[in-house]
Amino acid sequence: MLALAAAIPAAQAQADLPASSAEPVRTYTLLRQDENWSFLKDPSLRQDFWDPIKYIPLGAEGWFLTIGGEAREAFEQVGNDNWGKQPYTNTFFLERYMLHTDWHLGKYVRAFVQLKSGLESFRTGGPRPIDEKKLDFEAAFVEVGATSGDNWVVLQAGRQELNYGSGRLVSVREGPNVRQSFDGAKLKGKAGEWRVDLFATRPDIDKPGFFNNIPDHQTAFWGVYATRPLRRRVSIDSYYLGLDRKAATFNRGTATENRETLGARLWRPPATKEHDWDFDYEGVWQFGTFGTDGIRAWTFASDTGYSFPSAPLRPRISVKADISSGDDPRHSSLGTFNPIFPIGNYFGVLADTGPGPVNFIDVHPRLQTSLPHGVSISTDVVVQWRESLYDGVYAVPGFLLVPAGDSRARFVGYRPGVEARWQIDRHAYLQADYGVFFAGEFLKQASPGRNINYTELWAGYKF
């Protein structure tokens, strides 16, 4: 999962052919809707087994169809989930299948349809909401407008995926078996160097059956996200997000939540040619109301690294240091930070069992190396504390795992982890993750306090 997290910033770029490049871009992006295979109109550029279905002409000029998809299999084993509240080893198998069609109906109209199927087998206690969705639409939208030139505007309406920036607050939830989607409208535009999205949506509720997903009418989500490049490979993002939930639960209790978020992000991607620094810094302020109380919450996240792309094993050494606010019931305003719709593998290994980015302070050093033949190995350790001693520990999606109770211990625990990944070719990969979350003093006081063991084996294929 660590490699998935590292790959997401690069995967967010659209697969359009750069004007200065003679070589077409054949990247499979995180959002498959961002891919552009129109260069395959030239039969001489077809070199892959799947290229014939990447550009299927539909007769008139500018009319063509693209077909793509993926299959992902995962074996997962979790021991002492929730630090021993499930005091056994849970072993299960997850399957994900996705298929999409991208209909280009001339210069100004496009329709994108993506099916998803997530299946779970053998899990004690049955599938979680992130595990199973037998068959439904992950995306089904119509786009009107053109994305050519320095200034343009397009409208997307229907079911769609949202993924912005680092994915810390708005993501498709790639790590878990079932991805997140939204129902609504999005206006995308470009003005000079600025890319701006405005959206108004409701999150999609994944029910386990066939084609029975519905928008969550208890939750509304809207926002504006703007990004632009600066100098020396540095870019800046700024955004406003609004969230309205009829029933939200925190350590303080359950009430209606109306939360507004202002954030900014300054980032520079890892170097690929010369030894150099990279960074990803993001600050967020949240305000609004929780029942009759106010909301005053915040977070700051950082990732600072140095890459040696021309050295043996091409290592990247990095350190993340993050903090997000927790609640103090002695104050009238709710202080618990809400990560909204965060990336599924926020801390890599133990993504769906360990603590999330709520009421926490962490230090997260990591070493990534690349071996021959597409093999990479990543090792890291996450050390975590509570920011507020009066608030509990939350899962990655933001629901309460361990209430604060009477404990005033700050140390939550630490998790060393390792990942090995083999990118066989641009279609197929194999991956193995292993981690142990060693419970700290707070978990020993407020829960059974057992160590979580986590193993996952992955196999995936995209076309």
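The following exchange concerns the nonpolar cores and salt bridges of a predicted model.

Colleague: Which strand supplies the largest share of the largest nonpolar core?

Modeller: The largest nonpolar core holds 24 residues, and Leu162, Leu169, Val170, Phe221, Leu241, Phe290 and Ile340 have the most contacts inside it. At least two residues of this core come from each of β10 (219-229), β11 (235-250), β13 (276-290) and β14 (293-307). The largest share, 5 residues, is supplied by β11.

Colleague: With which residues is Leu169 in contact, leaving aside its neighbours within four places in sequence?

Modeller: Leu169 is among the residues with the most contacts inside the largest nonpolar core. Once its neighbours within four places are set aside, its contacts are Tyr239, Leu241, Thr261, Glu282, Val284, Phe337, Pro339, Ile340, Phe341 and Pro342.

Colleague: How many residues does the other core have?

Modeller: This core lies apart from the largest one. Trp83, Val393, Phe437 and Phe442 are among its members, and its residues number 14.

Colleague: Is Asp51, which meets Arg26 in a salt bridge, buried or exposed?

Modeller: The side chains of Asp51 and Arg26 form a salt bridge with an N to O distance of 3.2 Å. Both residues lie in the loop between α1 (2-11) and β1 (56-57), so the pair ties together parts that are 25 residues apart in sequence. Arg26, at 15% relative accessibility, counts as buried because the cut-off is under 20%. Asp51 has a relative accessible area of 0% and is therefore buried.

Colleague: How many residues apart in sequence are the parts tied together by Arg72 and Glu174?

Modeller: Arg72 and Glu174 form a salt bridge whose closest N and O atoms are 3.8 Å apart, and both residues are buried. Arg72 lies in strand β2 (residues 63-80) and Glu174 in the loop between β6 (151-160) and β7 (182-191), so the separation of the parts they tie together is 102 residues.

Colleague: Where do Glu282 and Arg168 lie, and how many residues apart are they?

Modeller: The side chains of Glu282 and Arg168 meet in a salt bridge at 2.6 Å, N to O. Both residues are buried. Glu282 lies in strand β13 and Arg168 in the loop between β6 and β7, and the pair links distant parts of the chain, 114 residues apart.

Colleague: Which residues are linked with Arg72 and Glu174 in a network of salt bridges?

Modeller: The whole structure contains 36 salt bridges. The network that includes Arg72 and Glu174 also links Glu70, Arg96, Glu161 and Arg179.

Terms used
Residues are numbered from 1 along each chain as its sequence is written. This is a predicted model: local features need pLDDT of at least 70, side-chain atom pairs count only at pLDDT 80 or more; totals for chains, interfaces and linings use all residues. Side-chain values use heavy atoms; hydrogens and water are left out. A nonpolar core is a set of buried Ala, Val, Leu, Ile, Met, Phe, Trp, Tyr and Cys residues joined through side-chain atoms within 4.5 Å. Buried means under 20% relative accessible area, exposed over 50%, partly exposed in between (1.4 Å probe, protein chains only). Helices (H or I, at least four residues) and strands (E, at least two) are DSSP runs, numbered from the N terminus. Contact means heavy atoms within 4.5 Å. A salt bridge is a side-chain nitrogen of Lys or Arg within 4 Å of a carboxyl oxygen of Asp or Glu.
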